[in-house]
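Student: I'd like to take a close look at one part of this protein. Could you walk me through it and then through its surroundings?

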Amino acid sequence: MLEKVILVVCDGLGDRPIKDLGGLTPLEAANTPNLDSLAAESECGMMHSLGRGFVPGSDVSHLNILGYDYEQYYSGRGTIEAAGVGLQLSDGDVALRGNFGTINDQLIITDRRAGRINNVKALTESLDGLEIDGVTFIVKPGTAHRAAVLMRGKGLSNAIIDADPHKGDVSIRDVTPIDNTAEASFTAKVLNKFLKKSHEILKGHPLNIERQRNGEMPANYLLVRGAGKYSKVPSFKERFDFSGCCIAGGGLYKGVASFLGMAVLDVPGATGLPDTNIEEKFRTAIKSLALYDFVFVHVKAADSLAEDGNFKGKRDFIEKIDKAAGLFKELSKDVLLIITADHSTTSELKSHSGDPVPILFRGHGVRVDKVAAYNERACTEGGLGFITGKDVIPQILNLFGTLHLTGA
Ligand code: ZN
């Protein structure tokens, strides 16, 4: 009987054939005996996380894979980032993600990351709790130069443009509404006042004065983007009756998990970078089955390496995943193991793509097929065929025997 689930998502794992790899993808070129032997004990297939014809962003593809149709539950990255830094969201809150950047006296952005300042806690504290026109601003630090900003008050909207122009050497810009509602223009007006006031505070902040004295760039402006409006999301436990936890290095993935009410576990050495300790993550995942029904493990670096065009680095990182995946070979078949990706990232284009990704289901009751290699082409022959991200949770519930009967 199936009792528990481990879902491993290898970010950006899929790729396209690469000439310098002999016409193989990085996953095909990698030596992956463990993943291949897991595939041989599994039902395999291919997955389009959002469906055919979409190039998935990581946030929405994770929502779909975890059973939350992004069209219904996603209103902008800001809400997920806010959940990821531990903010408790309430109905009607508007959340934004932000960078501390540097602007000069002419209000030109001279560095979007303030020289990659690595700790902005003192700066966020000086802005946290500001109140403007009845709206409270809650500001918390993210990793390095990043922060999350929550606007709490009546009549707010996320129909506003990003204050962040997404590039440097240009002037900062005012937030403007993108629809004609009173809520959007009110939100834009209040946010502009906040950004102006925060610039005044940040300019004179002791940390920035000290930075300038040391020849460093002052983190004197908050560039915000990705506004999302929160409305209550039923938790993963409420919807699927699984107590869930997340093991990830990257903030976004912890954010997705927190957004769904999953516990976020801290694993030493889980960095979200190529140096991450995958073995420790997988070992912790297996141990966590004692406390949780559903363990979501995220491994980031295959995606980042492909975005840098580093297909050999991606291949080598996949071999590191494979080595750690040896731990799963001893896993009881009472645990449903799923290994997949959120999307493909092509090393040639250095970007996400709409190509499907391999997926395997290993555990009691699955119809083991003839696929004996875990990669983009071998898995096309698998019993699952081509599925979408939205099919994953129903497929799990079906295997557990808890999917509701349709008809009589
Ligand atoms: Zn991704």
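Student: In which loop is the place of Thr-32?

Tutor: Happy to help. Before the answer, please keep in mind that this is a predicted model, where local features need pLDDT of at least 70 and side-chain atom pairs count only at pLDDT 80 or more, while totals for chains, interfaces and linings use all residues. Residues are numbered from 1 along each chain as its sequence is written, and side-chain values use heavy atoms, with hydrogens and water left out.

Thr-32 sits in the loop between α1 (26-29) and α2 (33-40); helices (H or I, at least four residues) and strands (E, at least two) are DSSP runs, numbered from the N terminus. With a relative accessible area of 4%, Thr-32 is buried (buried means under 20% relative accessible area, exposed over 50%, partly exposed in between, with a 1.4 Å probe and protein chains only). Not counting residues up to four places away in sequence, Thr-32 touches Ile-318 and Asp-322, where contact means heavy atoms within 4.5 Å.

Now for the wider setting. The chain is divided into domain 1 (4-74 + 232-400) and domain 2 (82-229), with bounds that come from an automatic or database domain assignment. Taken over C-alpha atoms, the centres of domain 1 and domain 2 are 33 Å apart.

The largest nonpolar core has 94 residues, and those touching the most other members are Ile-6, Phe-236, Phe-282, Phe-294, Phe-328, Ile-339 and Ile-396. Such a core is a set of buried Ala, Val, Leu, Ile, Met, Phe, Trp, Tyr and Cys residues joined through side-chain atoms within 4.5 Å. Strand β1 (residues 4-10) gives the most to this core, six residues. Both domain 1 and domain 2 give residues to this core, so it lies between them. Apart from it lies another core, of 35 residues, including Val-94, Val-135, Ile-160 and Leu-202.

Ile-339 is a good place to zoom in. Ile-339 belongs to strand β12 (residues 335-340) and counts as buried at 3% relative accessibility. Leaving aside neighbours within four places in sequence, Ile-339 has among its contacts Leu-35, Leu-38, Phe-328 and Tyr-374. Ile-339 and Tyr-374 are 35 residues apart in sequence and 9.4 Å apart in space, C-alpha to C-alpha.

Another buried loop residue is His-145, at 3% relative accessibility. His-145 lies in the loop between β6 (135-141) and β7 (146-152), and its contacts beyond four places in sequence include Phe-100, Arg-113 and Arg-116.

Finally, look at helix α5. Six of its eight residues are buried, namely Gly-78, Thr-79, Ile-80, Glu-81, Ala-82 and Ala-83. These pack against α3 (58-65), β3 (94-103), β7, β8 (221-229) and α10. Helix α5 (residues 77-84) meets helix α10 (residues 251-259) at an angle of about 90°, with their axes 7 Å apart. Here axes are lines fitted to C-alpha atoms, for helices over the stretch in contact, and angles run from 0 to 180 degrees between N-to-C directions. α5 and α10 are therefore roughly perpendicular to each other (65 to 115 degrees; under 35 counts as roughly parallel, over 145 as roughly antiparallel and the rest as oblique). Among the residues making this contact are Ile-80 and Glu-81 of α5, and Leu-252 and Phe-259 of α10. Just after α5, Gly-86 takes a positive phi of about 90°.
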